[in-house]
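Student: Could you take me through a close look at chain A and how it is placed against its partner copy?

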Protein chains: 4
Amino acid sequence: MQIRIYYEDTDVGRVVYYANYLKFCERARSELFFQKGLSPHKENEFFVVKEVHANYVKSAVFGDLLDVQSKLTIKKSASIVMEQKIYRDDELLFEASFKLAYLKDYRPCKIPKELFDVFE
Amino acid sequence: MQIRIYYEDTDVGRVVYYANYLKFCERARSELFFQKGLSPHKENEFFVVKEVHANYVKSAVFGDLLDVQSKLTIKKSASIVMEQKIYRDDELLFEASFKLAYLKDYRPCKIPKELFDVFE
Amino acid sequence: MQIRIYYEDTDVGRVVYYANYLKFCERARSELFFQKGLSPHKENEFFVVKEVHANYVKSAVFGDLLDVQSKLTIKKSASIVMEQKIYRDDELLFEASFKLAYLKDYRPCKIPKELFDVFE
Amino acid sequence: MQIRIYYEDTDVGRVVYYANYLKFCERARSELFFQKGLSPHKENEFFVVKEVHANYVKSAVFGDLLDVQSKLTIKKSASIVMEQKIYRDDELLFEASFKLAYLKDYRPCKIPKELFDVFE
């Protein structure tokens, strides 16, 4: 998944605002489902992030074209852990792990099979 | 209503990103209701913006403390027009008019009396 | 230019937050330059938005894939006006005109020829 | 420091978008300096986030009024670690630690004394 850096992503430090790397990772996670014609979000059922552990290695700047790489590392019935890395060409800019839980009516719930299978 | 400019509001041009002035105006509109112990948003009922006409006069920068002034100019049963101005001290930075419609289940609906009265 | 709607773009009304349509239009304007190997932003020179006139016709929702169409309508030496429309398939969701001025060291300045030519 | 939750902070899941808690923590960190008449950002000198470790405990919703509590836990000459917690009344919603480095011309640099003293 490719991400272009626009004005909205940058800040007065002339680099990408730190919280926005989490947006880029979320886009890549949602796109995993969209690409299969599925949605990670139904009326009252969806994934929520429970934990984030992130390292900021180098900064992205306006106009950059970044790659987000995603890997599932832990897969349980109601939660998963994904490792995601953001590169500019071969240069690692950001890496993070995300623990996600699946909720139905705001309570933990088994991940539906069709969504679970996306991670195979 | 006062708005502080943080990193998230700025961009690589070292000024506030242009779409964010619309956020500041929206905060001031919501705060009109919050200050009276009301909410502009119920389950399936809320205001939506239908039109915006905005002039950008001067730019705000990181650390600025801005004032948002709001005035109702047109008040109909299902829609209103508000004029909002953003100042840094006595200096006008931004002015805009917003046409808002009230929706229930995504259809136009009369504004409930308790919300309507906030504009008195 | 295509825009996917992600979580970050939506709000509690379950539709796209109104200020974000301005972000989508800005992405399309920047991409006009990126596609030609140019940047709309140099150290102390860049376009700023002076006026916005926007109509919100229908709402976009999570997962939508939108098209942004851009047309130059007025072209002066130091400012331009663009009309931009956002569609979901054949359905018009949003239309707006944007007056942009070119600044150098925060003062109005003639648009450089290589950027000006992008609008031919 | 108090944070009100507006439309812009929420998403289609009807809760606050996960990356926005990082914005709230950053606002509180910047405000530490603003309250003393200082700025955490000079021309080419500023703090950048190097690491984030975050736990999402409960979700904030539209209209909430949150408290951000900040504590310095590690203080070195060129970097610090802060622990920040976000509460709604007595209820913990979010907790995170942030490792921040000070940069000058994009290189690690000793934190200036006047900024360093803010953490006393």
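Tutor: The radius of gyration is taken over C-alpha atoms, and the globule rule used beside it is 2.2 Å times the number of residues to the power 0.38. The model is a predicted one, in which local features need pLDDT of at least 70, side-chain atom pairs count only at pLDDT 80 or more, and totals for chains, interfaces and linings use all residues. Residues are numbered from 1 along each chain as its sequence is written, while chains are lettered from A and ligands numbered from 1 in the order in which they are written.

With 120 residues, a compact globule would have a radius of gyration near 14 Å, and the 15 Å of chain A agrees with this. Along the principal axes, its C-alpha atoms fill a box of roughly 40 × 25 × 25 Å. Chain A holds 2 helices and 7 strands (DSSP runs of H or I with at least four residues, and of E with at least two), which follow one another from the N terminus as β-α-β-β-β-β-β-β-α. Of the 120 residues, 41% are buried, that is, have 20 or more other C-beta atoms, placed from the backbone, within 10 Å of their own.

As to the partner, a rotation of 180 degrees with 0.0 Å of shift along its axis superposes chain A on chain B with an RMSD of 0.0 Å, the fit being by least squares on the C-alpha atoms of residues with pLDDT of at least 70 in both. The two copies are therefore related as by a two-fold rotation axis. In chain A, the C-alpha nearest that axis belongs to Asp11(A), 1.9 Å from it.

Notes: A residue is buried if 20 or more other C-beta atoms lie within 10 Å of its own, exposed if 12 or fewer, and partly exposed in between; C-beta atoms are placed from the backbone.
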